[in-house]
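Please walk through this protein chain with me, one region after another, keeping the three-dimensional view open as you read.

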Amino acid sequence: MFPERFSDLPEYAFPRLRTLLDSHEPGGEPIVMTIGEPRHAFPDWVRDVLAENVAGFGQYPANDGTPALQQAIADWIARRYDVTVDAARQVLPLNGTREGLFNALIALCPETKAGKRPVVLTPNPFYQVYAVAALAVGAEPIYVPATEATGNLPDYGSLPETVLNRVAVAYICSPANPQGAVADRAYWSDLIALAERHDFQIFADECYSEIYRDTPPPGALQVARELGAHPDRVVIFHSLSKRSNLPGLRSGFAAGGADSIARLKQLRAYAGAPLPMPLQAVAERVWQDEDHVIANRALYAEKYAMADEILGDIQGYSPPEAGFFLWLPVDDGEVATMKLWRETGVRVLPGAYLARDVGGHTPGADRIRVAMVADKEEMQRGLIKLRDCLYR
């Protein structure tokens, strides 16, 4: 009586982590460095905007987003990427980006490709919603290694032609979670050319785009427009969770070709959960402001420097280009996670919990993911304990 398509899903990463650790006492005051939940302060004026618009909780929300929120997002895309989009036809505000990354596949993935079961490509390791979305639409998920050998980004072009001809959608996360790698213009150009040649869409998860060291990461939509790609070739997904330290706001957006966004809106009218009106007002204001984003990025720059200083002499340490995760080498991710918890109280995530076994190999099994989201003092204590426990 239950569907088989989800029967072999592993337990989600964080319940799995609790199963691993919670029957063991921590070896010190717990320092949580697992989940990517930003803990920097969000702008003070968010409270004022919310209070000014609280009466909006008495209305059903605008399903496609208010025109003002759509325009604020379109204006941000223009400022950030120098790409002009039609606010009403090419932007869809989301109730958290996860909603869009999942529902976009339902709305846009065809039932067949080249007369066969469609393929959905995902990096490995990856954000787990990609795989579940593929299974939900009956597509075949193919997990492509994103390891040090491939620059921590998947080499989709290395796949056989027989596979590429069946690809309907390729997910790509840049800056990458968990590795912190950035797809440069050459990478995007090659991927977009591949998608044009084999006629598939690219779903670009760019939620970490505003947290970087020096140079703003290029965007998929930006490069697609420069190349003159098909207007619906790329759909981008962004969020206020990381950019603005507002994970509880559940506000993001999808933007792309008008036909793709129209299909997303059509599905959303039946199955979506639009953002409440007061929160849409907050999101509108937040997308319009860059000062808090610059201040937030400066805090992460200090954390990058701290991590480089504490961990820089570890063999295999690779400083992240962007995002707020460290992807650290160990012999065995689960063993290292357990040791760290039981001896120090520092809580991290085994890399294998973000990946799938393919051919007997799980990318990330020899890694731990460390989230740099706590305040600097707590993060410093945690990284020193981690270094002394695992690498000395």
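**A walk through the chain**

Pro-125 sits in the loop that runs between strand E3 (119-124) and helix H6 (129-136). The model in front of you is a predicted one, and in it the peptide bond leading from Asn-124 to Pro-125 is cis, with omega near 10 degrees. A cis peptide bond also joins Ser-174 and Pro-175, where omega is about -10 degrees, and Pro-175 lies in the loop between strand E5 (167-173) and helix H8 (185-198).

With these places located, it helps to step back to the chain as a whole. The chain holds 15 helices and twelve strands, and its C-alpha atoms fill a box of roughly 55 × 55 × 50 Å when this is taken along the principal axes. For 392 residues, a compact globule would have a radius of gyration near 21 Å, and the chain agrees with this because its own value is 21 Å. Of the 392 residues, 57% count as buried, while the accessible surface of the chain comes to about 16600 Å², of which 51% belongs to carbon and sulfur atoms. If you consider the contacts in the chain with a separation of 6 or more, residues 24 or more positions apart account for 77% of them.

Salt bridges offer another way to follow the chain, and a search of the whole structure finds 16 of them. One of these is formed by Glu-378 with Arg-39, whose closest N and O atoms are 3.2 Å apart. Glu-378 lies in helix H15 (residues 376-390) and Arg-39 in the loop between strand E1 (31-32) and H2, so this pair ties together parts that are 339 residues apart in sequence. The two partners can also be described by their accessibility: Glu-378 is buried, because its relative accessible area is 14%, whereas Arg-39 counts as partly exposed at 42% relative accessibility.

A further salt bridge is the one between Arg-166 and Glu-140, in which the closest N and O atoms are 2.7 Å apart. Arg-166 lies in the loop between helix H7 (161-164) and E5, and Glu-140 in strand E4 (residues 140-145), so the pair ties together parts that are 26 residues apart in sequence. Here Arg-166 counts as buried, at 16% relative accessibility, while Glu-140 is partly exposed, with a relative accessible area of 26%.

The side chains of Arg-213 and Asp-308 also meet in a salt bridge, with a distance of 3.0 Å from N to O. This pair links distant parts of the chain, 95 residues apart, since Arg-213 is in the loop between strand E6 (201-205) and helix H9 (220-227) and Asp-308 is in helix H13 (residues 291-311). Arg-213 counts as partly exposed at 28% relative accessibility, and Asp-308 counts as partly exposed at 25%. Elsewhere, Glu-196, Asp-199 and Arg-233 are linked in a network of salt bridges.

Which residues touch Thr-362, if those up to four places away in sequence are not counted? They are Ala-352, Ala-355, Arg-356 and Asp-357. Thr-362 itself is placed in the loop between strand E11 (349-350) and strand E12 (367-371), and Thr-362 is buried because its relative accessible area, 18%, falls under the 20% limit. The C-alpha atoms of Thr-362 and Pro-145 are separated by 8.8 Å, although these residues are 217 residues apart along the chain.

On the surface, Leu-50, Val-54 and Phe-57 form a nonpolar patch, and together they have about 260 Å² of accessible area. Val-54 has its place in the loop between helix H2 (45-52) and helix H3 (67-81), and with a relative accessible area of 48% Val-54 is partly exposed.

Two residues remain to be visited for their backbone angles. Phi of Asp-82 is near 55 degrees, a positive value in a residue other than glycine; Asp-82 is found in the loop between H3 and helix H4 (87-90), and Asp-82 is exposed because its relative accessible area is 71%, over the 50% limit. Phi of Arg-250 is likewise near 55 degrees, again a positive value in a residue other than glycine. Arg-250 belongs to the loop between helix H10 (240-243) and strand E8 (252-256), and Arg-250 is partly exposed, with a relative accessible area of 33%.

Key:
Residues are numbered from 1 along each chain as its sequence is written. This is a predicted model: local features need pLDDT of at least 70, side-chain atom pairs count only at pLDDT 80 or more; totals for chains, interfaces and linings use all residues. Side-chain values use heavy atoms; hydrogens and water are left out. Helices (H or I, at least four residues) and strands (E, at least two) are DSSP runs, numbered from the N terminus. Buried means under 20% relative accessible area, exposed over 50%, partly exposed in between (1.4 Å probe, protein chains only). Contact means heavy atoms within 4.5 Å. Patches are made of residues with over 30% relative accessible area and no salt bridge: like charges are joined within 9 Å, nonpolar side chains (Val, Leu, Ile, Met, Phe, Trp, Tyr) within 5 Å. Accessible areas come from the Shrake-Rupley method with a 1.4 Å probe; for residues, only the protein chains shown count as cover. A salt bridge is a side-chain nitrogen of Lys or Arg within 4 Å of a carboxyl oxygen of Asp or Glu. The radius of gyration is taken over C-alpha atoms; the globule rule is 2.2 Å times the number of residues to the power 0.38.
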